[in-house]
Every structure is written in structure tokens, then in C-alpha cells.
Amino acid sequence: MSMSLGSLAFRLSLVGVLAGIAGGCAHSRAPDASLAEQIIQEPHGGQHALQLLKEGNERFLAGQAESPATDPETIRIAAVDGQKPFVSVLTCADSRVPVERVFDRGFGEIFVIRVAGNVTAQHETGSVEFSLAALKAPLLVVMGHTKCGAVKAAIAGQNVTPNIDSFLASIQPAVQKVRAAQPNLSPEQFEEAVTQENVRQTLRELYATSPLIREKVSSGAVEVALAEIDISTGKVTWLDNVPKP
Ligand SMILES: [Zn+2]
């Protein structure tokens, strides 16, 4: 494996061209369609992107969702010019975590990778790499959620099927770490702590297995935020102790 990050980025940009992602039509754009493109070019685009997610969640919680980037023109332009998402979100497949709705965003704005237990393995990590390198998303979010069935099953040490067990195994390091560090938690506190530790564990795994992600974050090209969503309300809480590469 001697491919440099530069040549990898070049290959990813080729992928983008082949996929019609980097098209550059010079027609006027719907306001929503140009927002992400603008954020990608800002010096601190990741912080702007995070602010948009926070504001969107507040609108959602207040019952004042504006459903941006859902007008027919924005949808059409995103299809013609290619997607320019301003954030990549790795979260759980749980049906109670509708990402665009809880952040009140629309088409072409959020690159979402969903997998039970918001863990990561080669396919998920590759998807994150694609979103950061080829699509140039300036913000990466890993988001867990309350009452996660995968977290509960991992805590219970259940064996289900080999395929299900594979993602439960990815949650086990968080279970073991919390069990060792905080042995006196109530079952509810323990589940909450594992949920949050699992989000950090996923980020550490992304760093450990992806030189590209490490480089993007270390250089400041990509900001990282960790979150937990309460599925009983849709409220997103932003976590501290974000691991560094
Ligand atoms: Zn879940």
C-alpha cells in the first residue's frame, strides 16, 4: 500500500467525474442549491455546517421546520450538477433517526451513512472517505441515539446471527471500556454511557483504519462533531471529549 494521499485524492476526483458528481454547469442556481457549495469553499466551512445542523434541529424541535432544499428546482439542480453535501453523517439505521428531518435539511445537503449501531467497517469507512475527499464535505458527524437496540444487544452479550454479531462485536470495546471505568452505574446510566462511548469508539476506528480521514481532520480541512439524538423528542445533544487523530 504505497499510494500517496495525493494520488488517492486524484483517483477519488476521477471517481467523482465518472459519477457525474463534479459537473459544472454555469446556470443560475436555486438559493438552497448554492448554500452547500458556498460552505465547502469557506475557510471554516465545517463550523458553519455545524451551526446549520444546530439551527435546523432547533427549528425541528420548535415545530418550525422550513424544509429547505426540497423545492423542485433545487432537487433538479442537485441531480444535474451533482451533490455537494456540506456534512457527512454516520449514524444508526434505526427508523426513529430520520437525519434530514431532525436537522431540517433537504436534497443534496447531507451525505448519510446508516448502519445498525453506528459502527464502522470497511464499507462505511470507504463511504466516509468518499464524502470527505471526492465530495469535499467539510464536517463529519458520528451520531448515536437513545434506546439503541444494537447497543442493548451488545450490552446483553447476545449472539444472533453471524452477520448481526459482526456489528455487535464492534460495539463491545465501548461496553468493556465503560464497564471497567465506571463499574457502579445503574443499568440506564450504563446504557447511556456505552451509547456515547460507542460514538467515540467509531470515530477512533475511522482514524485507525483511514489515513485519508486522519489527514483531513489533522489538517483542519474537516471538522468533527459527535452527537446523540434522543428518539423520544428528536433533540440532538452534542458530545464533548471528541477524540483527535
Ligand atoms: Zn440504533
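So, α8 and α9: these two helices sit oblique to each other. This is a predicted model, by the way, so keep that in mind throughout. The pair I mean is α8, residues 162–181, and α9, residues 187–209, and they pack at an angle of about 130 degrees. Their axes are 8 Å apart. Why do we call α8 and α9 oblique? Well, an angle over 145 would count as roughly antiparallel and 65 to 115 as roughly perpendicular, and about 130 degrees falls in neither of those ranges, so oblique is the word. As for the hand, the crossing of α8 with α9 is right-handed.

Now, who's actually meeting whom? On the α8 side you've got Ile171, Pro173, Ala174, Val175, Lys177 and Val178. Across from them, α9 brings Phe190, Ala193, Val194, Glu197, Asn198 and Gln201. Sorted by class, that contact has eight nonpolar residues, two polar and two charged. Lys177 of α8 and Glu197 of α9 are the charged ones.

Okay, next helix: α7, residues 149–156. Which residues of α7 are buried? Those are Ala150, Val151, Ala154 and Ile155. If you look down the axis of α7, the buried residues fall within an arc of 135 degrees, so they line one face of the helix. And what do they pack against? Both α8 and α9, so we're back with the pair we started from. Go round to the other side of α7 and you find Gly149 and Ala156, which are exposed. Then, just after α7, Gly157 takes a positive phi, about 70 degrees.

Let me jump to one residue I'd like you to click on, Val128. You'll find Val128 in helix α6, residues 122–133. Is Val128 buried or exposed? Buried: there are 25 other C-beta atoms within 10 Å, and the cut-off for that label is 20 or more. Leaving out residues up to four places away in sequence, Val128 touches Ser88, Leu90, Ile113, Leu140, Leu206 and Ile213. Leu206, you'll notice, belongs to α9, given its range of 187–209. There's also Val89, which is 39 residues from Val128 along the chain, with their C-alpha atoms separated by 8.3 Å.

Last, the whole chain. We're looking at 10 helices and five strands. Of the 245 residues, 41% are buried. And if you take contacts between residues at least 6 apart in sequence, 75% of them join residues at least 24 apart.

Key
Residues are numbered from 1 along each chain as its sequence is written. This is a predicted model: local features need pLDDT of at least 70, side-chain atom pairs count only at pLDDT 80 or more; totals for chains, interfaces and linings use all residues. Axes are lines fitted to C-alpha atoms, for helices over the stretch in contact, and angles run from 0 to 180 degrees between N-to-C directions. Helices (H or I, at least four residues) and strands (E, at least two) are DSSP runs, numbered from the N terminus. Angles under 35 degrees count as roughly parallel, over 145 as roughly antiparallel, 65 to 115 as roughly perpendicular and the rest as oblique. A crossing is left-handed if the near helix is turned anticlockwise from the far one by less than a right angle, and right-handed if clockwise. Two residues are in contact if their C-beta atoms, placed from the backbone, lie within 7 Å. A residue is buried if 20 or more other C-beta atoms lie within 10 Å of its own, exposed if 12 or fewer, and partly exposed in between; C-beta atoms are placed from the backbone. The arc is that of the directions from the helix axis to the C-beta atoms.
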